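User: Hi! I have a new chain to look through, and I'd like to talk over how it is put together. Could you pull it up for us?
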Amino acid sequence: MKTKKIIAFILAMGLVSCFAGCDKSENSSPSETTESTSAVEDTTTASTEESTEETLAVNSEEKKYEDLDDGIIMKISDFDVTEDEYKYYFAFAKSNIDGGDESYWENDPDSAKLEDLKQQTVEYIFNAYTIYQIASDNNVEITEEDLLSVDKEYEASKLYYEAINSDTGKKFDEYLKEIFCTEEVYKESIKRFELEYKTVASLYEQDFKEKHFSNYICIKHIQIDPKTAYETDENNESTDTPKNFYEINPEYTYTDEEKAVIEKINSCAKAKDTEGVNNALTELMSVIQSRLAEGETMDSLMDKYNKDAEAQKNKDGVYVGYYINKSSMSEDFSNVAFALEENQISDPVFFDEYGHCIIQRVPFNRDELISIYMSDVEYPYSTEYATLIQETQKTMDIVFSSDYNSLTSDYMKNGIKFDDAPSSSESESESETTENEETSDTSESTEETTASSEAE
């Protein structure tokens, strides 16, 4: 993908949830690379969610209410949760529960569905704020440089969103409004994600580097599989007509030498001359090597010739390669790759398993590095972090605004939108008016609020 993905869910729980998804991800061949993920075995998800529910249950046995500052809906330990942030998580949880079907809420006489929604909202927020607590406990802070990066990421997300919606002219602030998010909440989510990366690195990276890092390198490669591809018919069945091996792409610049060897490869492929194809590909690899020697970049040549180029890019569309360990590739491939110095490029090499390759060893980027020690179940760090999350959450208290129950009820009642939700003072005024004008309705509202409080 060419640019950074929009954070559609505003990184709802940061790595607290990301480090709870899938097993070790290793590459079995150069053409089977994957984007870096920060994840651990599935059991972590269950244990983290169970811990959160237990913690919230304990903290909710006797709910704490205070008159908090204006615009603050709750405090989690020493951290203020703004009403704007609560609104986002409320909408996020609501969308997960009803899938956009408003009729789901029509039959809720005991407010049970609403209470489930409120509980889920608090769990999301509680998980997110666990990141702040762990960072604080470990003296990890966001720097001015980090904040500049947050601003850049926000602007990049904005530009990307508006670029892909240029046909409709839809603006990024419209998108944020649709998901009940503000610029401040969006930026805070980016900042929280960065804070968790820094915290995890401070906890585990040095130990990993000292004990295990020598088993890994990060590489890019140009790989050409010598197998000829065949045209397909209207039923998507393979025919006996070979495809051209390469098409000249007008977006790229080719030398006359490159064009000539591409034509030779295609001619051999059309003639089903397997040996001729392989010989011509060997010639092409020599041409690529000469282009590198003359200053053309590895990335440019990967664009032109590599069949799995996208797999070696990060979410910004930048070639970062992928990591391998000594046992994840064939012995021959590993011997060549691990013999390279950082940024060194190999001579063309042919491997029975992978075809023609030119390999470059490159520095590790942060995403790749954290992916190794937090997603590989061979190492203890993801389990240690899951345990740290659980233990930290047991120490965290929640204090709700005195308006919490009535405010969240107002969000759902009669389908009122967040933008139209009354402030605390307006709620009190409306409550008084309703009491004077419609006693029965007020009584029902009071019963709902009482039920909400007891359920919490």
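Analyst: Happy to; what follows is a chat about the helix packing and a few individual residues.

User: Great. What kind of model is it, and how many helices and strands does the chain have?
Analyst: This is a predicted model. The chain has 16 helices and 10 strands.

User: And what share of the residues is buried?
Analyst: Buried residues make up 45% of the 456 in the chain. Looking at contacts with a separation of 6 or more, 71% of them join residues 24 or more positions apart.

User: Let's do helix packing. At what angle do α4 and α7 pack?
Analyst: Helix α4, residues 112-137, and helix α7, residues 183-211, pack at about 45 degrees, and their axes are 10 Å apart. The two are therefore oblique to each other. The crossing in which α4 passes α7 is left-handed.

User: Which residues make that contact?
Analyst: From α4 there are Ala128, Ile131, Tyr132, Ile134 and Ala135, and from α7 there are Glu188, Arg192, Leu195, Glu196 and Thr199. By class, the contact of α4 with α7 has 6 nonpolar, 1 polar and 3 charged residues.

User: How about α4 with α13, what's the crossing angle there?
Analyst: Roughly 100 degrees, and the axes of α4 and α13 (residues 381-394) come within 10 Å. So α4 and α13 are roughly perpendicular to each other.

User: Which side chains should I highlight? I mean, which residues of α4 and α13 meet?
Analyst: On α4, pick Phe126, Asn127, Thr130, Gln133, Ile134 and Asp137; on α13, the partners are Tyr385, Leu388, Ile389, Thr392 and Gln393. That contact divides into 5 nonpolar, 5 polar and 1 charged. Ile134 is listed in the contact with α7 and again in the one with α13.

User: Then how do α7 and α13 pack?
Analyst: They pack at an angle of about 135 degrees, with 11 Å between their axes. That makes α7 oblique to α13. Here α7 passes α13 in a right-handed crossing.

User: And who is touching whom in that pair, α7 and α13?
Analyst: Glu196, Val200, Leu203, Tyr204, Asp207 and Phe208 of α7 meet Tyr381, Glu384, Tyr385 and Leu388 of α13. There are 7 nonpolar and 3 charged residues in the contact of α7 with α13, and no polar ones. Some names come back: Glu196 of α7 also takes part in the contact with α4, while Tyr385 and Leu388 of α13 also meet α4.

User: Nice. Back to α4 for a second: is Tyr129 buried or exposed?
Analyst: Tyr129, which lies in helix α4, has 4% relative accessibility and so counts as buried.

User: What is Tyr129 in contact with?
Analyst: Setting aside neighbours within four places in sequence, Tyr129 is in contact with Ile76, Phe79, Asp80, Val81, Glu85 and Met396. Lys75 sits 54 residues away from Tyr129 along the chain, and their C-alpha atoms are separated by 9.9 Å.

User: Switching topic: is α12 mostly covered or mostly open?
Analyst: Mostly covered, since it is a helix of residues 366-375 in which 9 of the 10 residues count as buried at under 20% relative accessible area. Those are Asp367, Glu368, Leu369, Ile370, Ser371, Ile372, Tyr373, Met374 and Ser375.

User: What happens at the start of α12?
Analyst: A side-chain oxygen of Asn365 reaches to within 3.0 Å of the backbone nitrogen of Asp367.

User: I also check backbone torsions. Which residue in the loop between β2 and β3 should I look at?
Analyst: Ser77, which is in the loop between β2 (72-76) and β3 (79-82). Ser77 is not a glycine, yet its phi is positive, at about 55 degrees. Lys272 also has a positive phi of about 55 degrees without being a glycine. Lys272 is in the loop between α8 (256-270) and α9 (274-293), and at 47% relative accessibility Lys272 counts as partly exposed.

User: Last one: where is Asp299, and what is it in contact with?
Analyst: Asp299 is in helix α10, residues 298-305. With a relative accessible area of 25%, Asp299 is partly exposed. Beyond its neighbours within four places in sequence, Asp299 is in contact with Lys220 and Tyr319. Lys313 is 14 residues from Asp299 in sequence and 10.0 Å away in space, C-alpha to C-alpha.

Conventions: Residues are numbered from 1 along each chain as its sequence is written. This is a predicted model: local features need pLDDT of at least 70, side-chain atom pairs count only at pLDDT 80 or more; totals for chains, interfaces and linings use all residues. Side-chain values use heavy atoms; hydrogens and water are left out. Axes are lines fitted to C-alpha atoms, for helices over the stretch in contact, and angles run from 0 to 180 degrees between N-to-C directions. Helices (H or I, at least four residues) and strands (E, at least two) are DSSP runs, numbered from the N terminus. Angles under 35 degrees count as roughly parallel, over 145 as roughly antiparallel, 65 to 115 as roughly perpendicular and the rest as oblique. A crossing is left-handed if the near helix is turned anticlockwise from the far one by less than a right angle, and right-handed if clockwise. Contact means heavy atoms within 4.5 Å. Ala, Val, Leu, Ile, Met, Phe, Trp, Tyr, Cys and Pro count as nonpolar, Asp, Glu, Lys and Arg as charged, and the others, Gly among them, as polar. Buried means under 20% relative accessible area, exposed over 50%, partly exposed in between (1.4 Å probe, protein chains only). A polar contact is a pair of N or O atoms within 3.5 Å; within protein, one must be able to donate a hydrogen and the other to accept it, and residues adjacent in sequence count only if both atoms are side-chain atoms.
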